[in-house]
Amino acid sequence: MSYGDAPALWDVNFHIQEGELVSMVGPNGAGKTTLINTVMRLLPVRSGRLMWRGEDVTRLNANDMCKRDVSIVPEGRLLFGGMTVEENLDMGGYRASARPFKEQTLERVFTLFPILKERLWQQAGTLSGGQQQMVAFGRALMAQPKLLLIDEPSLGLAPSVVEQVFDAISEIHKSGVSILLIEQNAARALDVAQRAYVMEGGRIVSMGDPKELMSQPHIRQAYLGEAAHA
Ligand SMILES: Nc1ncnc2c1ncn2[C@@H]1O[C@H](COP(=O)(O)OP(=O)(O)O)[C@@H](O)[C@H]1O
Ligand SMILES: [Mg+2]
């Protein structure tokens with residue numbers, strides 16, 4: 001993947017198993033968003049191959065991926081701010097195979113985020129940041145994904161809302177959805193994950209058991225806010 005002539009990812013080799021919650025952590029500018037947007041087929045692949053459920057999806061677009069049960073909660077949420085919460089949720093559930101289950105899925109979204117039920121007719125742009133993030137999750141869930149891509153869900157949110165969002169991520173995972181979670185808040189991301197990757201400078205530099213990664217001095221210093229010891 002590259003922006004113009006400048007490659008943004010190198011030798012990125014990763015996989016997610018069915019039902020897995022995989023976290024990808026790394027500093028600002030590491031290429032995490034580029035990677036997740038490439039998986040969603042929002043960005044072109046210059047070389048290499050992207051496989052999903054045995055199919056080569058390298059040349060497909062985001063709409064194709066949506067039809068193949070992949071949804072994204074994008075960085076910055078990207079809601080339709082002038083539209084109501086309900087309309088935003090409808091945008092997520094428009095695909096033909098999800099439409100018949102709209103009421104059911106909506107109930108599931110309300111169970112995760114009860115506040116959205118009260119705000120259905122409010123313009124999304126006038127909601128608090130936390131509520132907007134909930135709408136972004138709801139919109140992604142309305143498409144009934146089997147793989148959910150989540151980019152920096154806690155960015156700019158108050159601690160209590162972060163708690164709620166991570167609880168929701170655990171619930172979604174428990175319901176059988178595979179998840180690729182990107183987070184700068186490495187402690188949280190590693191805590192919730194079954195497996196994790198560390199990205200730096202457009203490359204994957206580590207992969208493994210989150211607890212093992214958390215115990216590495218380099219990771220602790222770089223991502224968990226610990227001072228280096230002599
Ligand atoms: N639209 C863009 N055009 C050009 N360069 C970009 C664009 N988006 C991101 N980049 C560059 O690609 C690299 C990775 O960015 P990004 O994937 O957003 O990182 P992260 O999500 O890990 O913070 C950075 O060097 C960034 O400056
Ligand atoms: Mg990013």
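Start with one pairing in this predicted model: Leu21 of strand E3 has Ile179 as its bridge partner in strand E8. That contact belongs to a wider match, since E3 and E8 (residues 178-183) run parallel and are joined by five bridges. E3 also has strand E9 for company: the two pair in the parallel sense over four bridges, and within E9 the partner of Val22 is Arg195.

Here are the two pairings of E3 side by side.

| Strand paired with E3 | Bridges | Sense | A bridge pair |
|---|---|---|---|
| E8 (residues 178-183) | five | parallel | Leu21 with Ile179 |
| E9 (residues 195-200) | four | parallel | Val22 with Arg195 |

How many of the five residues of E3 are buried? Five of the five in this strand (residues 21-25) are, so E3 is largely enclosed by the rest of the structure. In a regular strand, side chains alternate between the two faces of the sheet. Here both faces are covered, with Leu21, Ser23 and Val25 buried on one side and Val22 and Met24 buried on the other.

Now over to helix H4, residues 102-112, where the buried residues are Thr105, Leu106, Val109 and Leu112. Looking down the axis of H4, you'd find these buried residues within an arc of 115°, so they line one face of the helix. What do they pack against? The buried residues of H4 meet four helices: H3 (85-92), H5 (115-118), H6 (129-142) and H7 (159-174). Flip H4 around, and the face turned away from its buried side carries Glu103, Gln104, Glu107 and Thr111, which are exposed.

Terms used: Residues numbered from 1 in each chain as written. Chains lettered and ligands numbered in written order. Predicted model: local features only at pLDDT ≥ 70, side-chain atom pairs only at ≥ 80, totals over all residues. Buried ≥ 20, exposed ≤ 12 C-beta atoms within 10 Å, placed from the backbone. Arc of directions from axis to C-beta. Contact = placed C-beta atoms within 7 Å. Pairing = 2+ DSSP bridges.
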